[in-house]
Amino acid sequence: MDTRFPFVDWFRNSSPYINAHRGRTFVILIEGEAMARGRGEQLIQDLALLHTLGVRLVVVFGIRPQVEQALSDAGIEPRRHDGRWVADEAIMACVERVAAEQRLWLEARLSLGLPNTPLHGVELTAVSGNLVMAKPLGVREGVDYDHSGEVRRVRVSAVQGLLDRGSLVLLPPLGFSSTGEVFDLDAAEVAQHAAMALSADKLILLGEAAGLYDENGALQRQLTPAEAEPLLSQIEAGCEQARHIAAACAAARHGVARTHLLSWQDHDALLGELFTRDGVGTMITRHRYEQLRPAELGDIAGLLELLEPLERRGMLVPRSRERLEHEIDDYLVIERDGMIIGCAALHCFAEAEMGELACLAIHVDYRGGARGTLLLSGVERRARRLGLNALFVLTTHTAHWFVEHGFRPSDIDSLPTLRRDTYNHARKSKILVKPLG
C-alpha cells in the first residue's frame with residue numbers, strides 16, 4: 001500500500017467527525033500559559049480550521065501568567081487565598097490591561113490572512129464584549145476578596161446571536177455587574193458556565209496536563225464525574241488541574257455532552273481529540289461512549305463490517321445479512337462512539353437448558369483489553385436470566401481463551417440434540433462447555 005501521504009488515511013478516517021462536528025457548539029478554554037509559552041499561533045490556526053469546518057466556537061482565554069508578570073514588573077505582591085488572589089484596585093488595573101492586550105492580540109492573529117499562511121482566505125470575525133455577568137466573591141473565611149468575583153450568568157441570547165452570524169466569540173476572564181463594576185474571574189469557571197448556559201456539545205479545557213492518570217501512570221481515556229471528582233482530594237486546591245476537573249465535572253452533570261481535558265503542550269492535542277476515535281486526552285461524560293448493550297437492527301451494517309475479516313480468515317462461520325436480521329435479538333454489542341467494535345450472541349436451547357455462545361468477536365484495533373471478558377459476562381448474565389444451566393461454544397482458533405474463562409473441553413454428545421444434528425464435521429470445531437452454577 002502506498003504510504004507516501006499518510007495524512008490521506010487520517011483525513012478519510014476523520015470524515016465522520018467532520019460531519020458530526022459541523023454546526024455544533026464548542027466552548028474551548030486556552031490557559032494563559034499556552035500563550036506565554038508560544039503555543040498561541042498553532043492553536044489559533046487550529047481554531048480557524050474548526051471554524052472553517054462549521055464548528056460554532058466560544059473561546060475563553062486565561063491570563064494568569066501574564067498578570068503575574070505585570071504585577072511583578074510593578075512590584076506588587078498579590079495576596080492569595082484558596083487559589084485566588086485578592087483583586088484590589090492595583091491588581092484589577094493590571095488584570096484589565098492584560099485582558100485587553102491579550103484580547104487584541106488574539107483578534108489580530110485571528111484576522112491574519114496573508115498568502116502562504118494557514119489562515120489565508122479565512123474570513124473570521126472575532127467578537128468580545130460584556131457577555132458574562134458577575135458578582136463579588138465577597139468576604140469568605142474573614143477574607144474580603146474585593147474585585148475577585150464569580151460568574152452570575154452568561155448572556156446566552158447575545159452569544160447565540162453572535163454564533164448564528166458566524167462569529168467566533170472571545171470571552172476574557174472578566175465579568176461585569178449591574179452596578180458597572182468589573183470583576184476578575186477564574187477562566188475555567190467562565191468556560192464551565194458558558195458551556196452549561198449554551199448547552200454546548202463540548203467543553204474543551206487546554207491546560208498543562210495531558211489528562212488524568214491512574215495509579216499506574218496510565219492515561220485515563222474516559223471517566224464519569226463520579227469517577228473523576230475523588231481525584232480532587234489528591235491534588236492542591238485551586239491549582240489548574242483542580243479547577244479543570246471541577247469545571248469539567250460540573251459541566252458534564254449539567255447537560256454538556258462531553259468535556260475534554262487536553263494539554264496545550266501537545267501540538268496535535270486539539271485536532272487529535274476531535275478527529276480520531278480514541279482521542280489523546282481524558283474525556284469526562286455522564287454517558288460512556290463505549291458501552292455494552294443489546295444489538296438493534298441499525299447495527300447490522302456495523303456487525304457485517306466487524307465480522308467479515310474474521311469470516312474471511314475462517315475464524316467464524318459466514319453470516320448473511322438476512323441471518324443477522326433474524327437473530328439480532330440474540331446479540332450483544334460493544335459500541336464505541338458510533339462504531340461496533342465487539343459482539344457476541346447467545347442462542348438459546350431451552351429444552352436442554354443450555355445456550356450457545358456464538359460469534360464472539362472484537363475489532364482488531366481494540367483487542368488486548370477486557371472486552372472479550374465483558375461480552376462473556378454479559379452473555380452469562382443473560383443466560384442465567386433465561387434459566388439456562390450451561391453455556392457451550394464451538395471454536396476452531398481460540399479454545400485456550402475459553403478454557404482460561406472457565407470452559408472445559410467436551411464432545412458432541414454434550415450438545416443439545418438440535419445443535420448436534422447441525423454440527424459441521426468438516427470444520428472440526430472444538431466443543432467446550434461451562435456450567436452456570
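Reader: Let me start with Val317: is it buried, exposed or partly exposed?
Author: Happy to begin there, and please keep in mind that this is a predicted model. Val317 sits in the loop between α11 and α12 (321–327). Its relative accessible area is 35%. Buried would need under 20% and exposed over 50%, so a residue at 35% counts as partly exposed.

Reader: Which residues does Val317 touch, not counting those up to four places away in sequence?
Author: Ala358 is 41 residues from Val317 along the chain, and the C-alpha atoms of this pair are separated by 9.7 Å. For contacts, heavy atoms must lie within 4.5 Å. Leaving out residues up to four places away in sequence, the ones that Val317 touches are Glu311, Arg323 and Arg427.

Reader: Leu306 lies in helix α11; is it buried or exposed?
Author: Helix α11 covers residues 300–312, and Leu306 is part of it. Beyond four places in sequence, Leu306 touches Ile340, Ile341, Gly342, Cys343, Ala361, Ile362 and His363. Its relative accessibility is 5%. Since the limit is under 20%, Leu306 counts as buried.

Reader: How far apart are the C-alpha atoms of Leu306 and Ala361?
Author: Ala361 is among the residues that Leu306 touches. Along the chain the two are 55 residues apart. Their C-alpha atoms are separated by 7.7 Å.

Reader: An arginine caught my eye. Is Arg293 buried or exposed?
Author: Arg293 belongs to strand β17, which runs over residues 290–294. Outside the four places on either side in sequence, it touches Asp299, Leu332, Val333, Glu335 and Ile340. With a relative accessibility of 13%, against a limit of under 20%, Arg293 counts as buried.

Reader: Which side chain does the side chain of Arg293 join in a polar contact?
Author: One of the residues touched by Arg293 is Glu335. A polar contact of 2.9 Å links the two side chains. The partner of Arg293 is therefore Glu335.

Reader: Turning to the nonpolar cores, which helix gives the most to the largest one?
Author: The largest nonpolar core has 44 residues, and Ile28, Ile30 and Leu50 have the most contacts inside it. Eight of its residues come from one helix, the top contributor, spanning residues 89–110: α5.

Reader: How many residues does the other core have?
Author: Ile28, from the largest core, touches Leu47, Leu50, Leu57, Val58, Val59, Val60, Ile204, Leu206 and Leu270, not counting residues up to four places away in sequence. Another core lies apart from that largest one, with Val27, Val60, Val169 and Leu231 among its members. In soluble globular proteins, nonpolar side chains tend to be buried together. The number of residues in this other core is 39.

Reader: What do the buried residues of α4 pack against?
Author: Helix α4 covers residues 64–73, and its buried residues are Pro65, Gln66, Val67, Ala70 and Leu71. Just after this helix, Gly75 takes a positive phi of about 70°. The buried residues of α4 pack against α2 (32–36), β4 (84–85) and α5.

Reader: Which residue in the loop between β8 and β9 has a positive phi although it is not a glycine?
Author: Most residues other than glycine have a negative phi. The loop in question joins β8 (143–144) and β9 (149–154). The residue there has a positive phi of about 60° and is partly exposed, with a relative accessible area of 31%. It is Asp146.

Reader: And what phi does Lys428 have?
Author: Lys428 is found in the loop between α15 (417–421) and β23 (430–435). At a relative accessible area of 68%, Lys428 is exposed. Although not a glycine, Lys428 has a positive phi of about 55°.

Reader: How far apart are the C-alpha atoms of Ala237 and Gly83?
Author: Ala237 lies in the loop between α8 (225–228) and α9 (240–253). It is exposed, with a relative accessible area of 60%. Gly83 is 154 residues away along the chain, yet the C-alpha separation is 6.7 Å.

Reader: Finally, for the whole protein chain, what percentage of the residues is buried?
Author: The chain has 15 helices and 23 strands, and its C-alpha trace spans about 90 × 55 × 35 Å along the principal axes. It exposes about 21,200 Å², with carbon and sulfur atoms supplying 50% of that area. Of the 437 residues, the buried ones make up 49%.

Conventions. Residues are numbered from 1 along each chain as its sequence is written. This is a predicted model: local features need pLDDT of at least 70, side-chain atom pairs count only at pLDDT 80 or more; totals for chains, interfaces and linings use all residues. Side-chain values use heavy atoms; hydrogens and water are left out. Helices (H or I, at least four residues) and strands (E, at least two) are DSSP runs, numbered from the N terminus. Buried means under 20% relative accessible area, exposed over 50%, partly exposed in between (1.4 Å probe, protein chains only). A polar contact is a pair of N or O atoms within 3.5 Å; within protein, one must be able to donate a hydrogen and the other to accept it, and residues adjacent in sequence count only if both atoms are side-chain atoms. A nonpolar core is a set of buried Ala, Val, Leu, Ile, Met, Phe, Trp, Tyr and Cys residues joined through side-chain atoms within 4.5 Å. Accessible areas come from the Shrake-Rupley method with a 1.4 Å probe; for residues, only the protein chains shown count as cover.
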